[in-house]
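Ready for a bit of practice with a structure? Grab a pencil and work through the exercises below, peeking at each solution once you've had a go.

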There are 2 protein chains.
Amino acid sequence: MELEHCFPVWNKLTAAQQEALHRSTREKQVKKGALLHAGGQDCTGLLIVRQGQLRAYILSEEGREVTIYRLVEGDVCLFSASCMMRSIQFDVTVEAERDTALWVVPAEVYRGLMEQSTAVANYTNDLMGSRFSEVMWLMEQIMWRSFDQRLAQFLLQESALEESDLLPLTHERIAAHLGTAREVVTRMLRYFQGEGMVRLVRGSVELTDVSKLKALCGQK
Amino acid sequence: MELEHCFPVWNKLTAAQQEALHRSTREKQVKKGALLHAGGQDCTGLLIVRQGQLRAYILSEEGREVTIYRLVEGDVCLFSASCMMRSIQFDVTVEAERDTALWVVPAEVYRGLMEQSTAVANYTNDLMGSRFSEVMWLMEQIMWRSFDQRLAQFLLQESALEESDLLPLTHERIAAHLGTAREVVTRMLRYFQGEGMVRLVRGSVELTDVSKLKALCGQK
């Protein structure tokens, strides 16, 4: 995958802008678990996932974390460059969920492009709108969905991401993702196991009835 | 207040763009309680508050509402024009909280400006970033703050908006704002009253110790 394939607006840039982007963008390799960005003070720049997977989450004062979105190959992380937008007043932490290869576009270079090119500015609007929509979805889950539905949804998403029915996830880890306590997750997983929807193995969850899980969260 | 004062980027528009904006913008007067926008299918256009107050909220399937932000004089409502941004995939409802005078900029006119002018596109980014920040703040309140702090914060905000310590709000109404049950609000308000922070009158809440309320939510 090349840098130009990750920018839907690449062809709307001038040759000079394309050249500036190529010249300033750095490649970076990080190991699973690496912290790539920690809050709004950290002016990391725009991150583009070349290969691997990132997780963006928010952190409470007591250290609890809630995943707000995942980024996979070809995805662009805008909030790691939020220092360039004074209106963004919240802190997102970004970590590598797998060994990941990235491109890093310096924030000031990207900001310059946004100021020169309506295509880049409107593309940035689209990116922000997409992340905003994900966060609104999450907020609705938290406020209005019962927890069984949230957990089923989460397991199905993980399974789609991993392309596997066997998920190497501890209850602790699932609880961190969903912003709840481990006990709550364990209780619900046991209920799911009793219903034949999952099988619990040490440190893993195996989905044994995907269609039943989908039915639970109202999917076909 | 004139239209041009509400657009920080007015002076960056060409004379033709300013003219097009003036020509296409309609004035509108609505009564308190009027529904101005209902979800993403509703292509209302950009709303600018000339005088009065709007409330934007999300609605659960069961009809519960949670206020996500308020708009006062000079504020611009972007999500009433979300039809122009395909990346926005959530529904916001907008209603008048007071008798309100508005300008309405048709969505296609605003979209056109965003495509022509980097200033307008980046201003739109800033607007979206601000709303996003408000929603993230709210999500953190919901997930991590104890309810006494949320309620105190809400009363203080209302008081600042109303410029009064006497708030004409029923417990039902407060519960709708905070996405919780009336009983929960009543219980906490009684606790506040016991602590001397508020006085409960039929249909109203009077703040009697603002500094204690502020201390509760960690403000000076």
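**Exercise 1: How the copies are related**

In this predicted model, a rotation of 180 degrees, with 0.0 Å of shift along its axis, puts chain A on top of chain B with an RMSD of 0.1 Å. Work out what kind of axis relates the two chains.

*Solution.* Start with the turn: it is 180 degrees, and the shift along the axis is 0.0 Å. That's the relation of a two-fold axis. Next, look at what the two copies use to touch: 97% of chain A's contact residues recur in chain B, so the same surface serves both. Finally, find the spot in chain A that comes closest to the axis: it's Thr118(A), whose C-alpha sits 2.4 Å away.

**Exercise 2: Who makes the contact?**

Find out which helix gives the largest share of chain A's side of the contact.

*Solution.* First, count both sides: 33 residues come from chain A and 32 residues from chain B. Then check the helices of chain A: H2 (107-116) and H3 (118-144) each supply at least two residues. H3(A) gives the largest share, with 19 residues. Last, sort chain A's side by type, and you get 16 nonpolar, 13 polar and four charged residues.

**Exercise 3: Two helices in chain B**

Decide how H4(B) is oriented relative to H6(B).

*Solution.* Take the angle first: H4 (residues 147-162) and H6 (residues 182-194) of chain B pack at about 80 degrees, their axes 11 Å apart. Angles of 65 to 115 degrees count as roughly perpendicular, so H4(B) is roughly perpendicular to H6(B). Now see who meets whom: Phe147(B), Asp148(B) and Leu151(B) from H4(B) meet Val184(B), Val185(B) and Met188(B) from H6(B). Sorted by type, this contact has five nonpolar residues, no polar ones and one charged.

Methods: Residues numbered from 1 in each chain as written. Chains lettered and ligands numbered in written order. Predicted model: local features only at pLDDT ≥ 70, side-chain atom pairs only at ≥ 80, totals over all residues. Least-squares fit on C-alpha atoms with pLDDT ≥ 70 in both. Contact = placed C-beta atoms within 7 Å. Helix = DSSP H or I, 4+ residues; strand = E, 2+ residues; numbered from the N terminus. Nonpolar A, V, L, I, M, F, W, Y, C, P; charged D, E, K, R; others polar. Axes fitted to C-alpha atoms, helices over the stretch in contact; angles between N-to-C directions. Parallel < 35°, antiparallel > 145°, perpendicular 65-115°, else oblique.
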